[in-house]
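User: I have a structure open and would like to go through it with you piece by piece. Can you take my questions as they come?

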2 protein chains.
Amino acid sequence: MNNPSEKVAIGIDIGGTAIKGGAVTSSGDVLTQRESPTANGSGLDSVIAQIATMVSSMIESLGLESGHVVGLGVGVPGLVDYRDGRVIDCANLPGWENVQVAKLLGDRTGLRVSIENDANNAALAEAKIGAGRGSESMVLLTLGTGVGSGIVLGGSLWHGSDATAGELGHTIVQPGGRRCTCGQQGCLEVYASASATARRVVEAIQTGAKSVLSERVHRGEPLNSADVVEAAKAGDAEGRQAWDESCRYLSIAAINLQHTLNPACIVLGGGMSAAGEFLLANVNRQCEDMMSSRLASLPDIRLAQLGNDAGFIGAALNAFGI
Amino acid sequence: MNNPSEKVAIGIDIGGTAIKGGAVTSSGDVLTQRESPTANGSGLDSVIAQIATMVSSMIESLGLESGHVVGLGVGVPGLVDYRDGRVIDCANLPGWENVQVAKLLGDRTGLRVSIENDANNAALAEAKIGAGRGSESMVLLTLGTGVGSGIVLGGSLWHGSDATAGELGHTIVQPGGRRCTCGQQGCLEVYASASATARRVVEAIQTGAKSVLSERVHRGEPLNSADVVEAAKAGDAEGRQAWDESCRYLSIAAINLQHTLNPACIVLGGGMSAAGEFLLANVNRQCEDMMSSRLASLPDIRLAQLGNDAGFIGAALNAFGI
């Protein structure tokens with residue numbers, strides 16, 4: 001399957017519910033991959049052990065010798081300082097605050113370890129081998145529980161002066177607006193994440209609006225953005241309104257990115273991007289409605305191509321130093 | 001005054017009312033400078049002739065030989081494509097739409113000519129020898145009739161994929177808000193420019209609010225942001241409110257820049273920055289109030305240092321390829 005002389009990097013994407021990993025070549029080919037539920041309840045040490053086992057399992061299954069593995073790249077769903085391999089804050093992984101994860105994993109695996117924010121890794125992967133392939137600059141927005149993001153400029157991840165760049169989910173798009181879990185008001189992620197989209201429908205129904213989703217909400221069933229998409233496609237007014245509003249804020253984010261960075265493209269990923277053209281057409285239409293064509297061309301907005309694999313592929317590319 | 005073997009670039013900053021120029025060394029020292037009212041009414045050709053005269057006057061007065069002048073850098077208050085030296089759109093200079101200004105000036109002066117947006121030039125100057133000296137990344141906001149901006153990343157101007165980056169004045173900070181001259185609604189520049197600040201006080205007085213500035217407004221006298229600052233300092237409620245609101249939107253812009261680019265510093269220039277600490281303290285306080293400290297440190301916001309000379313100094317540095 002693999003050319004035995006070809007170098008490989010191991011990429012690991014740690015999520016709150018699952019850990020995904022793969023052995024990846026420098027051109028982004030995945031030679032083998034793994035997935036297992038995050039051993040979250042048992043704390044930091046057990047997750048570190050779980051990753052080490054996943055790494056050695058892949059190396060062994062491919063019959064790789066140590067000289068063929070250039071390193072281990074890891075993505076974490078939280079604030080990371082890539083410079084010293086430290087996880088600063090990680091809401092979904094208890095006990096991961098201010099931990100030298102690169103050192104812990106390096107000691108366990110004997111590999112050179114690089115740590116990144118998970119959305120940064122996904123952005124790198126989409127920019128190199130996904131929707132942004134061939135673009136010198138690209139911004140990824142991942143629309144899930146929150147809005148993650150990563151910025152690639154001049155072909156490399158842009159980290160900023162304190163390694164906190166690329167948190168577009170917490171740009172303020174509605175001054176004085178809804179409170180975000182981060183403490184700010186009016187963040188993009190409280191308006192345009194998959195969760196926010198579903199939450200607005202639930203709130204509307206709970207305060208008396210009629211919708212094809214009313215019964216499910218009254219039974220206490222949770223909704224997700226796919227339910228909203230289905231309702232909107234069926235002509236449900238509440239579903240339509242919630243979806244339009246999310247797309248409106250995504251359009252504002254895209255317009256603001258165009259006026260700020262003018263990236264070659266903006267890529268939408270995460271759960272909500274499963275809506276495909278239904279998402280893209282709406283966001284594009286609202287960009288056309290709201291943006292002045294005198295100052296810049298409309299942003300080139302695309303759907304992510306790598307799905308849930310973007311995180312570990314980007315982690316591996318990052319370990320290659322790509 | 002100048003070392004005869006030292007290379008010099010000529011920088012020219014074209015404004016709607018005045019043209020400023022200087023002969024500048026690669027370290028940003030200004031050897032001589034000129035200023036004259038823009039020969040605007042007489043159209044493009046007369047302004048080009050005026051610039052050529054200013055350039056040769058400086059070269060002659062310094063006794064420079066052609067080998068010592070590395071080039072001519074020009075700043076234009078409008079949309080520019082630096083790649084082909086073309087002015088695309090320039091609201092304050094009639095007849096400058098889609099003109100190959102670099103070629104026209106090159107033919108006249110015999111110099112290699114580079115064209116930039118004026119705020120980009122000012123950003124480069126502030127980043128190299130002004131408020132951002134020593135910073136690898138910096139964003140300048142100039143607060144005047146509009147809000148100009150320039151972005152320096154990795155020590156160079158960031159132009160984006162179509163050369164339209166760095167138009168932060170047209171990022172949307174109030175969805176569905178006031179109409180901007182660009183056609184969009186809710187742009188930063190309709191809330192936080194010097195003109196916008198004064199306009200809000202005028203509107204409040206015209207609709208019945210009492211202010212120390214009421215008499216002047218009722219007499220039909222124009223106000224500027226310095227009048228608002230003076231009124232606010234004197235405890236005038238309308239002045240205070242207009243000033244606070246402008247600072248609030250500047251804080252939102254700074255917070256969004258911090259979450260997007262995390263630049264080493266954000267520099268405030270233009271007429272409104274003459275308010276000095278009165279501006280800086282207000283913007284910093286509102287950043288502290290609004291921004292989540294969990295995600296990033298507060299932005300490092302500074303006052304511009306080069307005043308009205310930033311434009312031609314940056315134009316010259318740009319001609320050096322700095």
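**A loop glycine, then the domains and the chains**

User: Where does Gly132(B) sit?
Analyst: This is a predicted model, and in it Gly132(B) is found in the loop of chain B that runs between α3 (118-129) and β8 (138-143).

User: Is that glycine buried or exposed?
Analyst: Gly132(B) counts as buried, because 27 C-beta neighbours lie inside 10 Å of it and the cut-off for that class is 20 or more.

User: Which residues is Gly132(B) in contact with, leaving aside neighbours within four places in sequence?
Analyst: With those set aside, the contacts of Gly132(B) are Glu126(B), Ala127(B), Met138(B), Val152(B), Cys265(B) and Val267(B). As for Ala264(B), its C-alpha is 8.2 Å from that of Gly132(B), although 132 residues separate the two in sequence.

User: Switching to chain A, how is it divided into domains?
Analyst: Domain 1 of chain A takes in 8-125 + 309-320, while domain 2 covers 133-304. The centres of these two domains of chain A, taken over C-alpha atoms, are separated by 27 Å.

User: And how many residues of each are in contact?
Analyst: On the domain 1 side of chain A there are 10 residues, and they are in contact with 14 residues of domain 2 of chain A. Helix α3 (residues 118-129) of chain A gives the most to the domain 1 side, with 6 residues. By class, that side of domain 1 has 6 nonpolar, 1 polar and 3 charged residues.

User: What about chain A against chain B, how many residues are in contact there?
Analyst: Between the chains, 38 residues of chain A are in contact with 38 residues of chain B. The largest share of the chain A side comes from helix α8 (residues 237-260) of chain A, which supplies 5 residues, and by class the chain A side has 18 nonpolar, 15 polar and 5 charged residues.

User: What rotation superposes chain A on chain B?
Analyst: A rotation of 180° does so, with 0.0 Å of shift along its axis and an RMSD of 0.0 Å, and that is the relation of a two-fold axis. The same surface serves both copies, since 100% of the contact residues of chain A recur in chain B.

User: Last one, what are the confidence scores?
Analyst: Chain A averages a pLDDT of 95, with 98% of the residues scoring at least 70, and the model scores ipTM 0.96 and pTM 0.96. Where pLDDT is low, the predicted coordinates should not be read in detail.

Notes: Residues are numbered from 1 along each chain as its sequence is written. Chains are lettered from A and ligands numbered from 1 in the order in which they are written. This is a predicted model: local features need pLDDT of at least 70, side-chain atom pairs count only at pLDDT 80 or more; totals for chains, interfaces and linings use all residues. Two residues are in contact if their C-beta atoms, placed from the backbone, lie within 7 Å. Helices (H or I, at least four residues) and strands (E, at least two) are DSSP runs, numbered from the N terminus. Ala, Val, Leu, Ile, Met, Phe, Trp, Tyr, Cys and Pro count as nonpolar, Asp, Glu, Lys and Arg as charged, and the others, Gly among them, as polar. Copies are superposed by least squares on the C-alpha atoms of residues with pLDDT of at least 70 in both. A residue is buried if 20 or more other C-beta atoms lie within 10 Å of its own, exposed if 12 or fewer, and partly exposed in between; C-beta atoms are placed from the backbone. Domain bounds come from an automatic or database domain assignment. pLDDT is the predictor's confidence in each residue, from 0 to 100.
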